[in-house]
Amino acid sequence: MVNLPNNLPSTVLCLSFKIKNIMALNRLFSNLTIATAMVARRNLHVGVVHSASKPNIEKPKPGFGKSYRRIVHFPEQYTVKPLEVTNLAGRDPETGRVVAKGIGGGIKHKYHWIDWYRVGPTEGPPQEEKVIQIIEDGCRTAHVALVAVGDKLKYILATENMKAGDIIKTSCKLPRIPVRANEGDAYVLGALPIGTLVHCVEKEPGQGGLYIHAAGTSGTIVRKQDDRVIVQMPSKRLFSFNQLCMAVVGRLSNVLHGSTPIGSPQRNRWLGNRPRSGLWQRKSGRHGRKIKPPKPVKQICNPTSTKLPPIILNMTP
């Protein structure tokens with residue numbers, strides 16, 4: 001560090017004092033880049049405030065399980081009691097910054113905990129379960145069915161024609177001959193015949209239904225290869241599963257969900273979509289078509305015939 005003499009002008013001393021303050025702030029905020037235009041006190045203060053109020057957050061990649069729409073408060077043990085939900089409206093739960101735009105609102109329905117594990121006996125007759133009630137869940141597209149298994153209750157995804165009072169069956173047995181399953185029954189993929197519609201297919205045996213949850217969707221068993229079963233997904237892709245993976249027979253409920261028009265802005269808010277206000281501007285054309293003045297009047301008349309100039313041919317080069 002260089003010591004400055006005391007006989008320097010006051011402007012030089014003031015400038016050196018400002019430089020010392022800037023160096024101290026630069027060491028304090030090491031991630032803040034101070035440009036030439038920010039040397040002034042006001043600009044420096046604004047830059048420090050923005051850097052402190054907007055920390056850098058790492059946005060997760062899509063499909064890695066972090067949701068910015070809602071947080072469901074799950075208890076330690078499974079329960080059929082509706083769970084409390086905290087709506088995030090597209091904000092990061094830690095910093096509070098808006099990460100996913102266009103999310104907000106939503107209906108005030110509570111969350112129903114779906115039991116994704118359809119566990120049945122591996123030998124003997126299948127287990128019988130009774131459907132108690134069909135519920136419209138606001139937190140998912142398909143309807144939910146309350147099912148009684150012995151003296152316990154659980155929620156499962158309802159199929160297209162499922163109604164209260166139906167008896168559904170669950171079995172983990174792999175028979176020698178394919179079974180004749182009804183809608184809502186759960187069997188291993190190897191026990192179902194080719195052409196059966198399925199949903200809630202497990203990725204690996206014992207992991208719970210992972211694939212095909214959306215309303216009105218279903219997969220189709222296309223063929224079998226050794227100990228693998230080929231299932232055509234709703235996206236027309238072919239997936240190969242283990243023959244011991246559980247699957248539920250039938251098409252999911254709420255079939256008209258995808259073809260039903262929203263109808264009103266308020267219904268769109270119920271679905272949790274925030275209006276895109278303030279984007280399109282009529283005069284400047286920002287994020288849209290600019291309103292331009294009409295074109296001048298075009299005169300319509302018969303075209304005038306003009307004589308072409310004569311072409312003179314000669315032999316001179």
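In this predicted model, the largest cavity encloses about 110 Å³ of space. Lining this cavity are 14 residues, and those closest to its centre are Asp 115, Trp 116, Arg 118, Cys 200 and Val 248. A search for cavities of 30 Å³ or more returns 1 in the structure. Two strands, β5 and β14 (246–249), each supply at least two residues of the lining of the largest cavity. Of these, β14 gives the largest share, with 3 residues. By class, the lining of the largest cavity consists of 9 nonpolar, 2 polar and 3 charged residues.

Space that is open to the outside comes next. The largest pocket holds about 920 Å³. Its lining draws on 33 residues, with Ile 107, Asp 137, Gly 138, Trp 270 and Leu 271 lying nearest the centre of the pocket. The elements that contribute two or more residues to this lining are the strand β2 (85–87) and the helix α3 (265–270). Sorted by class, the lining of the largest pocket has 13 polar, 11 nonpolar and 9 charged residues.

Turning to the protein as a whole, the secondary structure comprises 14 strands and 3 helices. The protein has 317 residues, and 27% of them count as buried. Its accessible surface amounts to about 22900 Å², with carbon and sulfur atoms accounting for 56% of that area. Among contacts with a separation of 6 or more, 55% are made by residues 24 or more positions apart in the protein.

One pair of strands can be followed residue by residue. Strand β4 (residues 144–149) runs antiparallel to strand β5 (residues 152–157), and 6 bridges join the two. Val 144 of this pairing has Leu 157, in β5, as its bridge partner. Together β4 and β5 form a hairpin with 2 residues between them, and Gly 150 in the turn takes a positive phi of about 70 degrees. Strand β5 of this hairpin also appears in the cavity described above, where β5 supplies at least two residues of the lining.

Positive phi values are also found away from glycine. Asp 226 is not a glycine, yet its phi is positive, at about 55 degrees. This residue sits in the loop between β11 (219–225) and β12 (228–232). Because its relative accessibility is 80%, and exposed means over 50%, Asp 226 counts as exposed. Asn 254, likewise not a glycine, has a positive phi of about 60 degrees. Its place is in the loop between β14 and α3. The relative accessibility of Asn 254 is 24%, so this residue counts as partly exposed. Both elements that flank Asn 254 have been met already: β14 in the lining of the largest cavity, and α3 in that of the largest pocket.

A further loop residue, Arg 237, lies between β12 and β13 (238–242). With a relative accessible area of 54%, Arg 237 is exposed. Leaving aside residues up to four places away in sequence, Arg 237 touches Val 231 and Gln 232. Gly 219 and Arg 237 are separated by 18 residues in sequence, while the distance between their C-alpha atoms is 9.8 Å.

Definitions and conventions: Residues are numbered from 1 along each chain as its sequence is written. This is a predicted model: local features need pLDDT of at least 70, side-chain atom pairs count only at pLDDT 80 or more; totals for chains, interfaces and linings use all residues. Side-chain values use heavy atoms; hydrogens and water are left out. On a 1 Å grid over the protein atoms alone, a cavity is a set of points where a 1.4 Å probe fits but cannot get out, and a pocket is an open set with protein on both sides within 12 Å along at least five of seven lines; lining residues have an atom within 4 Å of a point. Grid points are joined across faces, edges and corners, and a volume is the space filled by probe spheres set on the points. Helices (H or I, at least four residues) and strands (E, at least two) are DSSP runs, numbered from the N terminus. Ala, Val, Leu, Ile, Met, Phe, Trp, Tyr, Cys and Pro count as nonpolar, Asp, Glu, Lys and Arg as charged, and the others, Gly among them, as polar. Two strands pair if DSSP finds at least two bridges between them. Buried means under 20% relative accessible area, exposed over 50%, partly exposed in between (1.4 Å probe, protein chains only). Contact means heavy atoms within 4.5 Å. Accessible areas come from the Shrake-Rupley method with a 1.4 Å probe; for residues, only the protein chains shown count as cover.
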